[in-house]
Amino acid sequence: MARARLKFPRGFLWGTATSSHQVEGQNTHNDWHTWQEEGQIQNDDKPGLACDWWGGRWKEDFDRAAESGQNAHRMSIEWSRVQPTPDRWDEDALDHYREMIRGLTIRGMTPVVTLHHFTNPKWIAKKGGWENRETIQHFVPYVEKVVEALSDYVKHWCTINEPNVYATLAYLFGDFPPGKQDLGSLFKVMTNLVRGHAAAYHAIHRVQKESRAGMAVNYRGMAPARKWHPLDQFMAWFQSKMYNDFFPNAAHSGRLTFPYKIIRLPEAKGTQDFLGINYYTQELISFSLQHRQELFAHRHFDPHSKLSTTGFIAHEPQGLFQALKWGIQYGIPLMVTENGIEDPEDEIRPQYIAEHIYQLWQGINYNWPIKGYFHWTLVDNFEWERGWSQRFGLWDLDLESQARTRRKSADLYQEICRTNELTSGMVESYAPQSLERLFPG
Ligand code: FCB
């Protein structure tokens, strides 16, 4: 019997998030394909068919989502499919996406569509990718083309997914293509991503007046490891400024604040109708001379926190509340565009879901303008440079047979989505270890 109910507003969007390269399979025209062929992925993994959405299995997966009470889905369009070469628009690919998105609406799910989720067409990469300012001039016609093709069904657009993760992993740590470790390139790319976002924002609104567009940033809570230590405090503040604040601040104010200079881009000011927050975890920061590549910040998890299977994510649900609290400073609606954990055995996920949804509700309870929540992810998919080593799905995927197996977490999430609430009864059945913390007494 439910003793307490935490209710969400009417019309709240509940869904899962995916991205083209991670679920479609057979993407051969983008820079990740080159990267894979070069053997840059853990265990030399390849996406292969991935979830075979390009082969049509999106239908069964959208059925799964809809039958589980989800009323929204966040997915991305693969630029390299729509424009495999600079002079060719692939109308069949656009039709395919139109059919998928219609498939969502027919199933009663609101689509949220991302236009750039980490991958670039090979021809863009060859021209220098986001280091080259020209990329923006190519990005805009692509954005226009997609918005024109899909505007009958889509109103919510994410311009660029996690520009902060993309820039850092591709140009500072070298884990994403083009695998650079160069501060000069990083800053150039950050600037061009803001330009790209702003140009896309304006293009979307030109084509579709009533659209709502924003970027999705990855928010990572960062606290000084030694609270009393001035250098740890400084590093945590600095890292958080550069990682969390840089992009949304730029889109809010038109000012790009680098450590040594400020660039003004008036065209970027006010280019956010909503802010997408991707929250997974938070970490501690200590100043360390040994961590030169990380700009002297040693980033690590609290030794007391519960870790995901490969140690990639620490279970820190209160960080979601902090992320939302941080997000409301921009005075625009918020959406949790990603949140989840890799956990093949589904040991922590039910607890992770229950405790994060509880924190989400805390924000709702303060009347913050939070419009939706998208769990990462529906079915296990290809996790970038980590390949198939991490399983984030509500459904398990057997890559060979393409069989999906429902995890228990899918049942919990279904109850939340269907009822638009989190109850103590749900927590008692799926995450009893969290009951006392969430519903004391
Ligand atoms: C985010 C990415 C998403 C997925 C999750 C686990 O940073 O946006 O594509 O890989 O992490």
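The following legends describe views of a predicted protein model.

**Figure 1. Overall fold and dimensions of the predicted model.** The secondary structure comprises 15 helices and 15 strands. Along the principal axes, the C-alpha atoms occupy a box of roughly 60 × 55 × 45 Å. The radius of gyration is 21 Å, in agreement with the value near 22 Å that a compact globule of 441 residues would have.

**Figure 2. Burial and contacts within the protein.** Of the 441 residues, 63% are buried. When contacts between residues at least 6 apart in sequence are considered, 74% of them link residues at least 24 apart.

**Figure 3. Surface and charge of the protein.** The exposed area amounts to about 17100 Å², of which carbon and sulfur atoms contribute 50%. The protein carries 48 positive and 53 negative side chains. A distance of 7 Å separates the centres of these two sets.

**Figure 4. Close-up of Gln-40 in its loop.** The loop holding Gln-40 connects α2 (31-37) with α3 (53-67). Gln-40 has a relative accessible area of 37% and is therefore classed as partly exposed, since this class lies between the limits of 20% for buried and 50% for exposed residues. The side chain of Gln-40 forms a polar contact of 3.5 Å with the side chain of Glu-38.

**Figure 5. Gln-40 and Arg-220 shown together.** In sequence, 180 residues separate Gln-40 from Arg-220. In space, the C-alpha atoms of Gln-40 and Arg-220 lie 26 Å apart.

Note on methods: Residues numbered from 1 in each chain as written. Predicted model: local features only at pLDDT ≥ 70, side-chain atom pairs only at ≥ 80, totals over all residues. Heavy atoms only, no water. Helix = DSSP H or I, 4+ residues; strand = E, 2+ residues; numbered from the N terminus. Rg over C-alpha atoms; globule rule 2.2 N^0.38 Å. Buried < 20%, exposed > 50% of the residue type's maximum accessible area, 1.4 Å probe, protein only. Contact = heavy atoms within 4.5 Å. Areas by Shrake-Rupley, 256 points an atom, 1.4 Å probe, with all protein chains shown as cover. Lys, Arg positive; Asp, Glu negative; His and termini not counted. Charge placed at Lys NZ, Arg CZ, Asp CG, Glu CD. Polar contact = N/O pair within 3.5 Å; in protein donor to acceptor, adjacent residues only side chain to side chain.
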